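Student: Could you walk me through one part of this model closely? I would like to see how a sheet is put together, strand by strand.

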Amino acid sequence: MKHEEANKEIGGRGAEKQRGKRVGGNSKIKNVQSPAPNPQPVVASPQSPVPNLDDWLEIGKIVSPQGLSGELRVYPVSDFPERFEVPGKRWLLCSGDTEPQPIELLTGRYISNKNLYVIKLAGVENCDQADALRGCKLMVPASDRPQLSEDEYHVLDLIGLEVFMQASGELVGTVVDIIPAGNDLLEVKLHESFATEKKQKTVLIPFVEAIAPVVDLKSNRIEITPPPGLLEINN
């Protein structure tokens with residue numbers, strides 16, 4: 001299933017981690033994340049205010065130019081291909097910016113063996129302009145979160161949920177992050193009463209139906225049925 005992480009779509013980090021990418025199998029997370037472009041990022045100064053990203057989702061990060069014609073390679077943090085392939089308005093957040101700046105997405109295509117998208121933005125015509133955008137983040141408004149199907153969840157909805165053993169009702173810990181993998185992993189900070197003698201602080205739990213059969217957003221809880229040894233796997 002898809003997932004979109006937030007900007008933090010995670011704990012307000014503003015990423016559609018927002019850290020999204022297409023996932024398969026039994027995973028059930030959706031990672032949730034115009035006017036003239038701003039191809040020259042502003043250099044941040046010590047006095048630069050910190051952007052308020054509560055209203056934005058990060059959908060990807062520009063990692064490098066692609067070729068000489070201004071195309072850009074983007075690492076996606078969203079499971080929704082239309083974020084990168086359907087033309088229209090997007091926003092860029094570059095170093096030193098106090099808020100994302102509007103930009104027009106012209107084209108985009110997926111490179112499956114690299115898990116990257118190659119996109120073309122209006123006003124970015126050559127390699128130098130593209131290189132100036134290295135490290136900038138692609139954003140969308142938080143209000144633009146797609147509707148999810150049953151058993152699909154936005155990452156932001158999962159962060160902070162308490163995790164319980166289904167059989168005993170024992171509190172295991174709290175979800176602090178989602179790790180994209182073949183099946184997405186819940187990173188769970190263990191409750192002090194559940195920590196092992198080796199003082200293990202976190203554990204990774206596959207977010208699949210067989211191991212996490214109950215997700216109750218209203219009650220702020222996930223119930224798990226882990227196989228023997230799973231919760232000690234990181235020791």
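**A sheet, strand by strand**

Tutor: Happy to! Let's start with one facing pair: Val 163 stands opposite Gly 173 in strand 12. Before going on, please note that this is a predicted model, where local features need pLDDT of at least 70, side-chain atom pairs count only at pLDDT 80 or more, and totals for chains, interfaces and linings use all residues. Residues are numbered from 1 along each chain as its sequence is written, and side-chain values use heavy atoms, leaving out hydrogens and water.

Strands here are DSSP runs of E with at least two residues, numbered from the N terminus, and two of them pair if DSSP finds at least two bridges between them. Strand 11 (residues 162–165) and strand 12 (residues 171–179) are antiparallel, with three bridges. They form a hairpin with five residues between them, and Gly 169 in that turn has a positive phi of about 80 degrees.

Strand 12 also runs antiparallel to strand 13 (residues 185–190), with six bridges joining them. Here Ile 179 faces Leu 185 of strand 13, and the hairpin connection again takes five residues. Moving on, strand 13 is joined to strand 14 by five bridges, also antiparallel; Leu 186 has Ile 205 in strand 14 as its bridge partner.

Now the whole picture: the open sheet has six strands in the order 14-13-12-11-16-15, with mixed pairing. Strand 14 (202–206) and strand 15 (214–216) are at the edges with a single partner strand each, so one side of each has no neighbour in the sheet. On average, neighbouring strands of this sheet are turned by 30 degrees against each other, direction ignored; the axes are lines fitted to C-alpha atoms, and angles run from 0 to 180 degrees between N-to-C directions.

Definitions and conventions: Helices (H or I, at least four residues) and strands (E, at least two) are DSSP runs, numbered from the N terminus.
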